[in-house]
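Here is a walk through one protein model, with a look at its metals, its ligand and some of its rings. Take a moment to find your way around the picture before reading on.

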Amino acid sequence: MVTRKLSASRCDDRTQESLKPEAGCPIHVVNPDATVSHWSGTAEFANGYADSETEDLRAGKDSHGFPAIVRNEPMYGREGVIEFAVTRGKDAGVFGAKESVAGITQQLEVALGHAPAGMAIFDNAEALVFANDKFFDLLGLSKGNVRSGMGLRAIVEAGAGAQPVEALYKDFCLRREAGVQRELRRVSDTMERYISIREESLPGGGWVVVVEDISERRNSALVIEQMAHYDGLTGIPNRALFLENLMRAVAQADRGTPFALLSLELDNLNCINDTFGHPVGDELLKALARRLDQCIREGDTIARAGGDDFAIIQTGISGPNDVEALAIRVAELLREPFEICSQQVIAAVSIGIALGPQDGHDMDRILTNADLALNRAKAMRPAPYCFFDCSLDVEMASRRSIEQDLRYALLRGELEVYYQPLIDLAAGRIMGYEALLRWNHPTRGVVSPLEFISAAEDCGLIVPIGEWVLEKAIRTAALWPSNLKVAVNVSAVQLRTGVFANTVRDCLAMSGMAPKCLELEITESVLLQNCNMTLTALRELHDLGVRIALDDFGTGFSSLSCLRDFPFDRVKVDRSFIQGLPEEKHASLLVKAIVAMASGFGVAVTAEGVETLDQLRYLHSIGCTEAQGFLFGRPAQAIRLNHRYMICQES
Ligand code: C2E
Ligand code: MG
Ligand code: MG
């Protein structure tokens, strides 16, 4: 280290001349009283680098550093030997010509003292030139132990092993690239703090070290991360994180590590919200997430993929058996009723399963296939889960094309209502007709509602279509003799809209038809969803005088409990029971029991799908008084109906 005292008395005329400010550019000579330490300029002269201009950090006599653009100019003695140098400190205005370096450094110290960040300047020999209080505070150093001029190692020792100081030291030692930012955790006695340390090399050597408290920023970042990747309600991963993990699983599957995607849907969330209120629905979702969490192993992911959609990514599987075991475990655990806000709530969950990579090599395919399997699982209820297979793909393709065509069917006038007679067996006459939808497809021909109703339900088209059928059937029936009724099939989706009762009321009002001439046929799936809105709509219509019938009786799992839940006017025994009459003993006994039980309830019974006289005779013998079937008439267009149709009573 070279230390030289500049003295004005040693300057000759040339020197004095060179000390004059250049025009337009403030030039400052290093204060002649200042001790210039670490002045590489002198060494540079010795090495022949005279007349250099460098950006440098200069130290005054009290060791306060200040940045300056320094021009070293050799001053030659009479013998042509460099005697001393003049240093011109050039700055854009920080240093005033009249201000002393001491004053400037003081100003600098005050300014940096108020800086929100900790700052320290080290010279190119790694000795501390200046540090503000924040620097000591953030690094956990005691100010009393550290002095200007101390080397980094000494400061590390003064910090008594303070972790950030050591790291800082290491950084220096490694001569890391300037501007590299490091984040360090510092735990003080009272709190955990995160600080960032940034080192910038100074022109001409030396470092400025900026230390910042980033705890708050980091905590907000953590909150943002939590919000971006986790579901606010249940606390489990959300769709974004689920997709990230799925992408990883798909990539690993291609490298030979198979996985399974289980797509879960809580089928009755809407109804639970509707019946018990949203707080109960929310609690159910939370409880469900907790139960799912119990089913998985480390490395698996559970996620809330949407409102009532959950997903599990099961990894580390050796085959479908592992997946089936998990599906069974999940189904069993979720079958147990939930105790929410002192209410017993049953979650109806369906699970669709796709395996990676065999059911898809990319994320979209796996997701689609798990959804296809989920749809199948829903259709197969109460079986809770279903694996994807290729037939589902074909089915979905045709379903999609049906959905697409159906969107235009109403507009193009391709839909039509047919009417099938309902027979009063006791009176031997037609008591009304069931309205049955037909679709005259331009290329497929007449499409059965069995092929498109569920697609229409899935895409919501059933609402406008159902409304159209209702209006059409009521308008048609309003022209019939007043003793004939019309029965219209209604889907659960229509009942859940909340406006269904009004729609019916409007249609009746428009046509002038008496409410008792209208019968609405619903299936037990409507009641199974235990939806307040549905029951309210049905009760409202019932009170208005509209008849309500339970269709396809006996095919579901809760037919009997449905009779308890709603005061039906009629049950329609499903065709599958009638088909076996009178030979099939079980079917015969069942139909007999249903007829007896319904009459006990005071509910009328209609036998569906009667095709033969033997069936009719048997139904007659057990006291069934109403029937419908090809024996009496197939569904037909309104203009072809013959209301005078009478059946001959056999003696
Ligand atoms: P559903 O309400 O049980 O209607 C009775 C079905 O059985 C009708 O089938 C009818 O044509 C058929 N059928 C009647 N008698 C016999 C018989 O003796 N033998 C045989 N083999 N079949 C008979 P379709 O018209 O194909 O309707 C099927 C189902 O589609 C209906 O069953 C109903 O659930 C649904 N559906 C029909 N129209 C509508 C509608 O406008 N809205 C809604 N939501 N569903 C509808
Ligand atoms: Mg029906
Ligand atoms: Mg039926």
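## The magnesium ion called ligand 3

Along the sequence, the residues that donate to the magnesium ion (ligand 3) follow the spacing D-D-x55-E. Keep in mind that this is a predicted model. The donors themselves are Asp551 (OD), Asp552 (OD), Glu608 (OE) and Glu608 (OE), and they lie 2.0 to 2.7 Å from the ion.

How buried or exposed are the two aspartates? Aspartate 551 has a relative accessible area of 7%, so it counts as buried, because buried means under 20%. Aspartate 552 comes out at 25%, which means it is partly exposed.

## The magnesium ion called ligand 2

Now for the other magnesium ion. The protein donors of ligand 2 are Glu434 (OE), Asn489 (OD1), Glu521 (OE) and Asp551 (OD), at 2.0 to 2.2 Å. Written as a spacing, these donor residues read E-x54-N-x31-E-x29-D. Two of them link distant parts of the chain: glutamate 434 sits in strand β20 and asparagine 489 in strand β22 (residues 485–489), 55 residues apart.

Glutamate 434 is buried, at a relative accessible area of 3%. Asparagine 489, on the other hand, is partly exposed, with 31%.

Which residue bridges the magnesium ions ligand 2 and ligand 3? That's aspartate 551, and the ions it bridges lie 4.1 Å apart.

## Around ligand 1

Next up is ligand 1, which has 23 residues around it. The closest are Glu434, Arg438, Asp551, Glu611 and Phe630. Glu434 and Asp551 should ring a bell: both are among the donors of the magnesium ion (ligand 2). If you sort the shell by class, you get 9 nonpolar, 6 polar and 8 charged residues.

Let's look at some contacts with side chains. A nitrogen atom of ligand 1 is 2.5 Å from an N or O atom in the side chain of glutamate 611. For arginine 575, the distance from a ligand nitrogen to a side-chain N or O atom is 3.0 Å. Aspartate 552 joins in too, with a side-chain N or O atom 3.1 Å from an oxygen of the ligand. On its own, ligand 1 has 790 Å² of accessible area, and the protein covers 85% of that.

Which elements give two or more residues to this shell? They are β20 (429–441), α14 (449–459) and β24 (547–553). The largest share, 4 residues, comes from β20.

## Aromatic pairs

Strand β20 turns up again when you look at the rings. The model has 6 aromatic pairs. In one of them, tyrosine 433 and tryptophan 480 have ring centres 4.9 Å apart and planes at 55 degrees, so the pair is tilted. Here, too, distant parts of the chain are linked: tyrosine 433 belongs to strand β20, while tryptophan 480 is in the loop between α15 (462–477) and β22, 47 residues away. Both residues are buried. With Tyr419 added, Tyr433 and Trp480 belong to a cluster linked by ring pairs.

Tryptophan 439 and phenylalanine 452 make up another aromatic pair, this one edge-to-face, with 5.4 Å between centres and 80 degrees between planes. Tryptophan 439 is in strand β20 and phenylalanine 452 in helix α14, 13 residues apart. Both tryptophan 439 and phenylalanine 452 are buried.

Note on methods:
Residues numbered from 1 in each chain as written. Chains lettered and ligands numbered in written order. Predicted model: local features only at pLDDT ≥ 70, side-chain atom pairs only at ≥ 80, totals over all residues. Heavy atoms only, no water. Near = heavy atom within 4 Å. Polar contact = N/O pair within 3.5 Å; in protein donor to acceptor, adjacent residues only side chain to side chain. Areas by Shrake-Rupley, 256 points an atom, 1.4 Å probe, with all protein chains shown as cover. Nonpolar A, V, L, I, M, F, W, Y, C, P; charged D, E, K, R; others polar. Donors = N, O, S within 2.8 Å, 3.2 Å for Na, K, Ca; no water. Buried < 20%, exposed > 50% of the residue type's maximum accessible area, 1.4 Å probe, protein only. Phe/Tyr/Trp six-rings, centres within 6.5 Å; stacked < 30°, edge-to-face > 60°.
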